[in-house]
Every structure is written in C-alpha cells, then in structure tokens.
Amino acid sequence: MTDFKKLEDYLNINTEIYHHNDLRTLNHYIDKYVSNVPFENINVQNKQPIALDDESMMHKIIVEHRGGFCYEQNHLFHHWITAKGFDAYIISATINTGTGWAMEGSHMALIVDIEGNKYLVDVGYADVPKQAMPITDESCFVSDVSGDFQARWIDANTIEMSKHTDGSSEIQYRAIDCAKTITCFEEAIQFNQYDQASIFVKKLIVSKAKSYGRVTLSNEHLTITHHSKKEKIPVTQDNYQALLKDYFGIENIKIQIFM
C-alpha cells in the first residue's frame, strides 16, 4: 500500500484536526491539493509518459513541484482519500469545449459518498472550486473566488457540472454516475497523449488556483485572473521558464514547443 504521508506533509495537511471521513476533512484535502498542485500537460507536450501510478505522480508533485491532468490527478487523489477511509469512486465525464463536446467519457472525475450524500470532486480540471460539490436536484452552488459552481442531476444517472459568473452560466461537463477503473480510460488516455486532434497535444496548459483567482500559462500567454479581472503577459522562448518558476513553482524544465 502506498504511504501518502509524504504527500500530506508536502501539502501541509493537518491530520490531527482533519482525520474524520466527513465533508470538512474532504474539503481541507481538496483545498490544500488544488492550491499547491497545478493542472498541467507538460509531459504530453514533451512526448513523455504520464504518471499513472502513485509513486510516479507523487514524485512529480513533491520533487518536481509539478502536477498533471485528469488521469494523473484524480487517479492519485482517489487512491489517497480511499486509503484515508472515504467512500469514493472514479467516474467518466464528457467536456463541453464551448464549440461542442469532447471525446465522450474521456474526462476522469470522482464521486465521494458521505453519509448517503454524493459529492462531485475534481482536482484534475483546469477550473474547479476548492471544495466538493454536492450533487442535488436543486439550485445548490459552491462559491469560489473564480465563480459559483453547481453539480446537479439532469436525469437518474447524469450529472451536469456548471460554472456561473457575472449572471451567466456555462456547462463545464456532463458525467455519468457509474464506477470506473483506470483501464476504462485506456482509449481516452491514448488519444489525449498522442492524437493531434487532442487539445492536450495541440497546446500547452498549465493552470493553478490562487487565493485571488487563477493563473494559466499557454503557448502564447500567461493569463492572470484576479477577482474576475484578467491580465495577459506574452509567453516567449526567453521568459517561459521564469514564468513557470514565479507563478507555478516549476523549475528547471524545458518544453519542446519553446525549444
């Protein structure tokens, strides 16, 4: 069994206070995780294997101060919280790209059941709240500095996750409440690592939650979202490593698109 203590130490988890299998503890874990671990696809951009085992992923986080995308992050987080005693399982979801739908079922998320109440948990998406989202039939929102998030049933098995900002709303993805394993995502993992049609192959994405909002680095810009106000800084071959260090804590890494 994986020893997650080194991950908890890195994230500064207070296990003396937060050790019950309740929502308060779960939200502490989520907050610490997404505040310290960026969403990023550098391995895909560099044509390197992604980290699908706990030790490899923890090495990326603890030693390299990096993160990963959904298969890496939610897979690790699932193993961690189930080792702590939470009732959690992996689910698949389909991302709304803004112009259509991504490959069906290609996104990995989690459901955690606490005393019969289900919560959507996702630490492997580039824009998520720092807490679990209750899945309900009603208008129940989780407020975060970057917006209000909602997870609601749209039929007996389908969950719709949406983000609401400034009076507008956008569907982020739709998920199916059916337990999956990592092997269920083999086709999606292959596609999102190597297929030229995958957004993760097409462009660099490094994104991290901040107390004031979020910072996101792409091939072209660093976007700083500060309480809904956006500032863009051009990204070049000469400054990308400094930006990675200053905003994400990622040092001494070269990315192929800038070489």
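**A tour from Asn74 outward**

Select N74 and D122 to begin: their side chains are joined by a polar contact of 2.9 Å, a polar contact being a pair of N or O atoms within 3.5 Å, where within protein one must be able to donate a hydrogen and the other to accept it, and where residues adjacent in sequence count only if both atoms are side-chain atoms. The model is a predicted one, in which local features need pLDDT of at least 70 and side-chain atom pairs count only at pLDDT 80 or more, while totals for chains, interfaces and linings use all residues. Residues are numbered from 1 along each chain as its sequence is written, and side-chain values use heavy atoms, with hydrogens and water left out.

Stay with N74, which is found in helix 5, residues 70-83; helices (H or I, at least four residues) and strands (E, at least two) are DSSP runs numbered from the N terminus. A polar atom of the N74 side chain also lies 2.7 Å from the backbone oxygen of M108. N74 is buried, with a relative accessible area of 0%, where buried means under 20%, exposed over 50% and partly exposed in between, using a 1.4 Å probe and protein chains only. Showing contacts (heavy atoms within 4.5 Å) around N74, and not counting residues up to four places away in sequence, brings up M108, A109, L110, V121, D122, V123 and G124.

Next, select strand 9, residues 168-180, which runs antiparallel to strand 2, residues 87-95, with five bridges between them; two strands pair if DSSP finds at least two bridges between them. Center on A175 in strand 9, the bridge partner of A93 and also of I159. Eight bridges join strand 9 to strand 8, residues 158-165, again in antiparallel fashion. In the hairpin of strands 8 and 9, which has two residues between the strands, D166 takes a positive phi near 50°.

Then display strands 1, 10, 11, 12 and 13, five strands that form an open antiparallel sheet in the order 1-10-11-12-13. Its edges are strand 1 (39-40) and strand 13 (229-234), each of which pairs on one side only. Within this sheet, five bridges join strand 10, residues 206-210, to strand 11, residues 213-217, and S207 stands opposite T216 in strand 11.

Finally, select the cysteines C178 and C184: the sulfur of C178 has its closest cysteine sulfur in C184, 7.9 Å away and too far for a bond. With a disulfide taken as a pair of cysteine sulfur atoms within 2.5 Å, the count comes to zero. C178 is partly exposed, with a relative accessible area of 37%, and C140 is likewise partly exposed, at 28%.
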